[in-house]
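Biologist: I'm new to this one, so expect a lot of "how do you know" from me. Could you show me the model before we start?

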Amino acid sequence: MTQALDIIRREHTRIGSVLTCLRALSVEVSRGGWRPHSSLLFTILEYLDSFAATYHHPKEEQHLFKMLRQRRPECAATLDRLIREHTEGRALLAQLRESLDAFWRDPRSVDRFRQAADAYLTFERRHMESEETEILPLAETALKTRDWDEIGQAFSDSEDPLFGKSRARLYDELYDYVLEHAPVSEEPDDD
Ligand SMILES: [Fe+2]
Ligand SMILES: [Fe+2]
């Protein structure tokens, strides 16, 4: 397994963990256990938006998918769908943010918030599962050593403003904060 694939899979694990925290928190909020204006909820949504949309997805689109498209043109439709899903996921997250704002103004809109959280969670999990089952195994066999070297170099360029160490450190700190403060879910996580 290449270092670049390790990075993508590790980032999926992190996004998955934060989604689990979001689910636990949305359950607690709808039970009245957490105040809707909890800064933890806003931190989670900020983390998901920034980490996924401006850190993880560009790695996929600008490097992994781009290289795979060159080596395996027949998977273009799948790659196009996954790229569309990046945009769709961000739109669902924007709806979730709006529902949180509405909930903050009026606690009676709890159902809208819970539904928006569930819709986003389900969508993102399916998206990552699709990448893990359809694209990553294909990339593992289709890309050549020099392709992986090129991708790996882009991912580990510490001076890169997008993928550099300072951004990685910030996301590490946010991730630790979220996992430390989120409640543990008592409901089965069956999305
Ligand atoms: Fe993706
Ligand atoms: Fe991904």
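Modeller: One cut-off to begin with: a residue is called buried when its relative accessible area is under 20%, and exposed when that value is over 50%. Also keep in mind that this is a predicted model.

Biologist: Okay, then why is Asp49 called buried?

Modeller: Its relative accessible area is 14%, and buried means under 20%. So Asp49 counts as buried.

Biologist: And what makes Arg97 partly exposed?

Modeller: Arg97 comes out at 27%. Partly exposed covers what lies in between under 20% and over 50%, so that is the label Arg97 gets.

Biologist: How do you know that Asp49 forms a salt bridge with Arg97?

Modeller: The closest N and O atoms of Asp49 and Arg97 are 3.5 Å apart. The test asks for a side-chain nitrogen of Lys or Arg within 4 Å of a carboxyl oxygen of Asp or Glu, and this pair passes. The bridge links distant parts of the chain, with Asp49 in helix α2 and Arg97 in helix α3, 48 residues apart.

Biologist: How many salt bridges does the whole structure have?

Modeller: The search finds 14. Salt bridges with shared partners join Glu46, Asp49, Arg90 and Arg97 into one network.

Biologist: Which residues does Arg81 pair with?

Modeller: Arg81 forms a salt bridge with Glu85, closest N and O atoms 3.0 Å apart, and another with Glu134 at 3.1 Å. Both values are within the 4 Å limit. Glu85 and Arg81 both sit in helix α3, 4 residues apart, about one turn of the helix. Arg81 lies in helix α3 and Glu134 in helix α4, so that pair ties together parts 53 residues apart in sequence.

Biologist: Are those three residues buried or partly exposed?

Modeller: Glu85 has 13% and is buried. Arg81 has 25% and counts as partly exposed, and so does Glu134 at 36%.

Biologist: On to the metals. What makes Glu60, His86, His127 and Glu131 donors of the iron ion (ligand 1)?

Modeller: They lie 1.9 to 2.2 Å from the iron ion (ligand 1), and a donor atom has to be within 2.8 Å of such a metal. So these residues qualify as its protein donors. Along the chain they follow the spacing E-x25-H-x40-H-x3-E. Glu60 lies in helix α2 and Glu131 in helix α4, so that pair ties together parts that are 71 residues apart in sequence.

Biologist: Why is the site of the iron ion (ligand 1) called irregular?

Modeller: It has 4 donor atoms, with angles of 86 to 175 degrees. Tetrahedral would need all angles between 85 and 135 degrees, so the 175 degrees rules that label out. The site ends up as irregular.

Biologist: Which residues coordinate the iron ion (ligand 2)?

Modeller: His12, His56, Glu60 and Glu131 do, at 1.9 to 2.2 Å. Their spacing in sequence is H-x43-H-x3-E-x70-E. The angles run from 84 to 172 degrees, and this site is irregular as well.

Biologist: What makes Glu60 a bridge?

Modeller: Glu60 coordinates both iron ions, which are 3.1 Å apart.

Biologist: How do you know that Glu60, Glu131 and His56 are buried?

Modeller: Glu60 has a relative accessible area of 2%, Glu131 has 1%, and His56 has 2%. The limit is under 20%, so the label fits Glu60, Glu131 and His56. His56 and Glu60 are 4 residues apart in helix α2, about one turn.

Biologist: Last stop, helix α6. What makes its span close to the expected one?

Modeller: Helix α6 has 17 residues and reaches 24 Å from its first C-alpha to its last, and 24 Å is what 1.5 Å a residue predicts.

Biologist: And how do you know that the buried residues of α6 line one face?

Modeller: Arg167, Tyr171, Tyr175 and Val178 are buried in α6. Viewed down the helix axis, the buried residues fall within an arc of 70 degrees, so they line one face. Their cover includes α1 and α2. The face turned away from the buried side carries the exposed residues Lys165, Ser166, Glu173 and Glu180.

Methods. Residues numbered from 1 in each chain as written. Chains lettered and ligands numbered in written order. Predicted model: local features only at pLDDT ≥ 70, side-chain atom pairs only at ≥ 80, totals over all residues. Heavy atoms only, no water. Donors = N, O, S within 2.8 Å, 3.2 Å for Na, K, Ca; no water. Tetrahedral: all angles 85-135°; square planar, octahedral: opposite > 155°, others 65-115°. Helix = DSSP H or I, 4+ residues; strand = E, 2+ residues; numbered from the N terminus. Buried < 20%, exposed > 50% of the residue type's maximum accessible area, 1.4 Å probe, protein only. Expected span 1.5 Å × (residues − 1). Arc of directions from axis to C-beta. Contact = heavy atoms within 4.5 Å.
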